[in-house]
Structures are given as C-alpha cells and as structure tokens.
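Here are my notes after a look through the model. I have put them as numbered points so you can check each one against the view.

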Amino acid sequence: MSGFPSLRQRISLDFHSRLLKTEARVHPLRQLFWECTLRCNLHCRHCGSDCTASALQPDMPFEDFEKVLQRVKSAYDPKEILIILSGGEPLMRADIARCGARIRDLGFPWGMVSNGYFLTPEKLEELRAAGLRTVTVSLDGLAAEHDWMRGVPGSFQRADKAIRTLAQMPSMGFDVVTCVTQKNFSQLSAIRDYLVEAGVKAWRIFTVFPVGRAATDQELQLTPEQTRDLMKFIVACRQEGSIHASFGCEGFLGPWEGKVRDHLFSCQAGLSIASVRVDGAISGCTSIRGTYSQGNIYQDDFVEVWEQRFGLFRDHTPLRNGPCKDCRWWKWCLGNGMHLRDNNGQLLQCNLAKLL
C-alpha cells in the first residue's frame, strides 16, 4: 500500500477536516462517561488505570453524579446523550441497577462497558429492566490467552456466557472489543470464527497504548509488520461480511483511513465526548488521564466547563511538537488522540509510523 493517500482519499480527508473544525466549534455533547468505580474483579495486564479489587479512591456516590445529570438535562436534550458506565468494573457496585434506573428516569439512554465476569443472565435481566441500552464486553483471545491477559482463571468462561446471553437479546446494542497483542495475534481468525459462532455481529479491535500496566510490557506491543497485517485482516473481515469488524480509536492510520473503520479518524474527546472520573475530574474520555482534566464537578459547573474549556481538545495546534512538528500528515491526523499524549504533551505512540 502506498505511503501517502490517493487523490480520492485526500479529498475525503480534506472534507472530513472541515467537518471536524465545525464540530470543534459547536461541540455537541453526545456521550458522557461516568467512571463509577476503580474497583475491579480482574487484574488485566494492559489496564491503563491500574484498577484493583479495593481501589484507594472510593466509588463516587451516585447522588453526586446525578447532580451533573440534572445540570446537563437543564441545558441539553437528554435523549441525545448516551451515558456510559465504566470503571474499573461497573458491576463491582451493588447499586448499579439503581443507578441505571435513575439515569433512565432522568431521560438519558445508558450503557456500560464490562469484562463480563459478573454479567450473568440474571444480572442482565435486572439491568435491562433498569433501562440498559448498550453493552460492550471485552474478550482478548480464546480461553488460555484471555485468562492470561485478564489475570484470573475462568475469565473466558464467564465472558463467553455473557456474550452468548447478549447475542440472544436482539434489542440490545452490543459489541465485543478485543485487544490484539503478540500473545493472541496468531489467533485472530480463530477469535473471529468463535465470535461468529456465538452470534456476535459487531467486533471492535484495538491495540495497546503504553500507559498504566502496559507502559513497559513488550509482550503487548505489535511489531510494524503485525500492525500492517492487522489492518489487512480487518479489511478482509469487512469484505467477507460474517461479522462487522472495525479498528478502534487508537489513532490516525494514513493510507488505511476509510478502510478499517466506518468513519475517518477523529479524536472525539472534547468534541462530542466527555467524562466524569471517579474523583470528580471532568475530562474528554476515561482513557485520558494525567493533567488533562478541565475541571471538577465538586468545584465547577459541568456545563460551563463543557462550553468554555477543552481548548486543547478542540485545537491541537500546541501539540505539533516532536515527531508531529514536520509531519506531512498533520492536517488530517492532528497529532492523534489525546490519550496518546503524556503529561507534557509529548506523543507516546504513533500507529501511523508502524504502518508506513
């Protein structure tokens, strides 16, 4: 594949860039993540938050987040904003169904991201009765590889049961996400076949970015050749059609843009996505840690923060440093996603560099 996009791709990328400038100016809030806990029942090798069974940071009381939702509802149409419960593992909270029911009663659709371990058929019915609309379940390989990544024996078996239960709920928005590493790279076709057999229709694939526990774990990082082969695999899946595969929001992919996702790359953090972290910090998404908080719900008005701050999220110009400074892809890439920047604004990883 050519190292620079074709004329047709450049026209699409230029048009997309103009749309992003408009979106940055208007910044319609469409997704709000609530990091409701940092507690987790697994011990994942690639965790970016270093979550543990008994986190030092206590769970945020729902009443505190409810005040944010009341304020958001006063300014925007709640039906247009999906609330996504994340963690940690949201199901570590005993009150998760009560939280979901209250979110629904306030007029917001809601979903969750889960490792599937506690997502039993009984729990799913309870959550669905509370208004659950969407679920994302993580699956990082077949049995041995998934359990290796998740750090708890039997994790695959529990995730498998959750996936098969969700596949029998056609009204539920549902997908599976897989983190591809050197450990499971050779299994990609087998994982696809397993998911198709289990009834999964949508499969999101991503790679590890070097933060948290994954910062120095070389077994998790794909080589440039593997990264290119991963793109080819996703294209082949999309053409074959048995499952809708797509690459996650890890960054700009150069000549692969328009081929492995349903959309061209953009970092939607601060454009249409915000988060409230467990300590009250307001940021773009929960993958963005460090010094990129824009305020805190315990001191600031969420709507004012969303409308008036997020400057760096909406204008990446100050991030044009290091390898980005003279990069000819800058006007389309804009320095990749904010989650790939360290506290000093330096780029941690560039997937595009692996693909060229």
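1. A word on labels before anything else: helices (H or I, at least four residues) and strands (E, at least two) are DSSP runs, numbered from the N terminus. By that naming, L334 sits in the loop between α11 (330–333) and α12. Keep in mind that this is a predicted model.

2. The overall picture: the chain has 12 helices and 10 strands. Its radius of gyration is 20 Å, close to the 21 Å from the globule rule for 356 residues, so the chain is as compact as a globular protein of that length. The C-alpha atoms fit a box of roughly 50 × 45 × 35 Å along the principal axes.

3. On the inside, buried residues account for 56% of the 356 in the chain. Of the contacts with a separation of 6 or more, 70% are between residues 24 or more positions apart. As for the outside, the accessible surface is about 15,300 Å², and carbon and sulfur atoms hold 52% of that.

4. Have a look at α8, residues 224–240. With 17 residues at 1.5 Å each, the helix should span 24 Å, and its end C-alpha atoms are indeed 24 Å apart. What does its buried side pack against? The partners are β5 (173–180), α7 (188–198), β6 (202–207), β7 (244–247) and α12 (351–355). The buried residues themselves are Q226, T227, L230, M231, F233, I234, V235 and C237. Just past the helix, G241 has a positive phi of about 90 degrees.

5. The loop between β2 (82–86) and α3 (96–105) deserves a second look, with E89 in it. E89 is buried but makes no salt bridge; R150, the nearest side chain of opposite charge, is 7.2 Å away. Leaving out residues up to four places away in sequence, E89 touches T37, R39, C40, N41, V113, S114, N115 and G116. G88 is in this loop too, and a cis peptide bond with omega of about 15 degrees joins G87 and G88.

6. Now some backbone angles to check. Most residues other than glycine have a negative phi, and most peptide bonds are trans. F310, in the loop between α9 (302–308) and α10 (311–314), has a positive phi near 60 degrees. L334 also has a positive phi, of about 55 degrees, without being a glycine.

7. Are F310 and L334 buried or exposed? F310 is buried, at a relative accessible area of 0%, while L334 is partly exposed, at 31%.

Technical notes:
Residues are numbered from 1 along each chain as its sequence is written. This is a predicted model: local features need pLDDT of at least 70, side-chain atom pairs count only at pLDDT 80 or more; totals for chains, interfaces and linings use all residues. Side-chain values use heavy atoms; hydrogens and water are left out. The expected span of a helix is 1.5 Å times one less than its number of residues. Buried means under 20% relative accessible area, exposed over 50%, partly exposed in between (1.4 Å probe, protein chains only). Contact means heavy atoms within 4.5 Å. Lys and Arg count as positive and Asp and Glu as negative; His and the chain ends are not counted. A salt bridge is a side-chain nitrogen of Lys or Arg within 4 Å of a carboxyl oxygen of Asp or Glu. The radius of gyration is taken over C-alpha atoms; the globule rule is 2.2 Å times the number of residues to the power 0.38. Accessible areas come from the Shrake-Rupley method with a 1.4 Å probe; for residues, only the protein chains shown count as cover.
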